[in-house]
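Visitor: Hi, I have a new model open and would like a quick tour. Can you walk me through it?

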Amino acid sequence: MMREHHGVFGNWDVWLNVLDIETTHGASGKHLTETFYGVEDEPHDFDPRTSRFHTHVLEPLIYCGLLDENRENGRKLTERVYMKTKLWQSYLRLDDTPPILRVVH
């Protein structure tokens, strides 16, 4: 309910499966936001989508010990790098079926 009110679209099934792939070798907050919600039409220093995504999706995973947040590249949420921890594979059973792409002409 809180996610919908603040405009964070998606669900845990999608977020966890995509994060499983994207955070294997590390991904910045900006990269993750653009992966889920697309590139901003007019880039700004502050992207509210990144802030909401961090608060409602990334932070709970960090607090649970499933994601690691590295701030060495900067303090901004877009600059932080996120990686899966060893607990990720131990506690999550995600869909490992590769996506099937269909091309429509």
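Visitor: Let's begin with the sheet. In what order do the strands come, and is the pairing parallel or antiparallel?

Guide: Happy to help, and keep in mind that this is a predicted model. The open sheet is formed by 3 strands in the order β1-β3-β2, and their pairing is antiparallel. At the edges sit β1 (27–28) and β2 (67–70), each of which pairs on one side only.

Visitor: How many bridges join β1 to β3?

Guide: There are 2 bridges between β1 and β3, the latter covering residues 81–84. Ser28, for instance, has Val81 in β3 as its bridge partner.

Visitor: Okay, and which helix packs on the sheet?

Guide: That is α4, residues 48–63, which touches β2 and β3. The direction of α4 makes about 110 degrees with that of β2.

Visitor: I noticed a histidine there, His54. Which helix does it lie in, and is it buried or exposed?

Guide: His54 lies in α4. His54 is buried, because its relative accessible area is 5% and the cut-off for buried is under 20%.

Visitor: What does the His54 side chain make a polar contact with?

Guide: The partner is the side chain of Glu69, at 2.8 Å. Setting aside neighbours within four places in sequence, His54 is in contact with Glu59, Pro60, Ile62, Glu69, Leu77, Arg80 and Tyr82.

Visitor: Nice. Switching to the hydrophobic side: how many residues are in the largest nonpolar core?

Guide: That core has 16 residues, and those with the most contacts inside it are Leu19, Leu32, Phe53, Val57, Leu58, Leu61 and Trp88. At least two core residues come from each of α2 (12–22), α3 (29–37) and α4.

Visitor: Which of the helices gives the largest share?

Guide: α4 does, with 4 residues.

Visitor: And Phe53, what is it in contact with beyond its neighbours within four places in sequence?

Guide: Phe53 is in contact with Val8, Trp15, Leu32, Phe36, Tyr37 and Leu58.

Visitor: Let's zoom out. How many helices and strands does the chain have?

Guide: The chain has 5 helices and 3 strands, running α-α-β-α-α-β-β-α from the N terminus on.

Visitor: What about burial and surface for the chain?

Guide: Of its 105 residues, 28% count as buried. The accessible surface comes to about 7,700 Å², with 54% of that belonging to carbon and sulfur atoms.

Visitor: Last one: what share of the contacts with a separation of 6 or more comes from residues 24 or more positions apart?

Guide: Those residues account for 51% of such contacts in the chain.

Technical notes:
Residues numbered from 1 in each chain as written. Predicted model: local features only at pLDDT ≥ 70, side-chain atom pairs only at ≥ 80, totals over all residues. Heavy atoms only, no water. Pairing = 2+ DSSP bridges. Contact = heavy atoms within 4.5 Å. Axes fitted to C-alpha atoms, helices over the stretch in contact; angles between N-to-C directions. Buried < 20%, exposed > 50% of the residue type's maximum accessible area, 1.4 Å probe, protein only. Polar contact = N/O pair within 3.5 Å; in protein donor to acceptor, adjacent residues only side chain to side chain. Core = buried A, V, L, I, M, F, W, Y, C linked by side-chain atoms within 4.5 Å. Areas by Shrake-Rupley, 256 points an atom, 1.4 Å probe, with all protein chains shown as cover.
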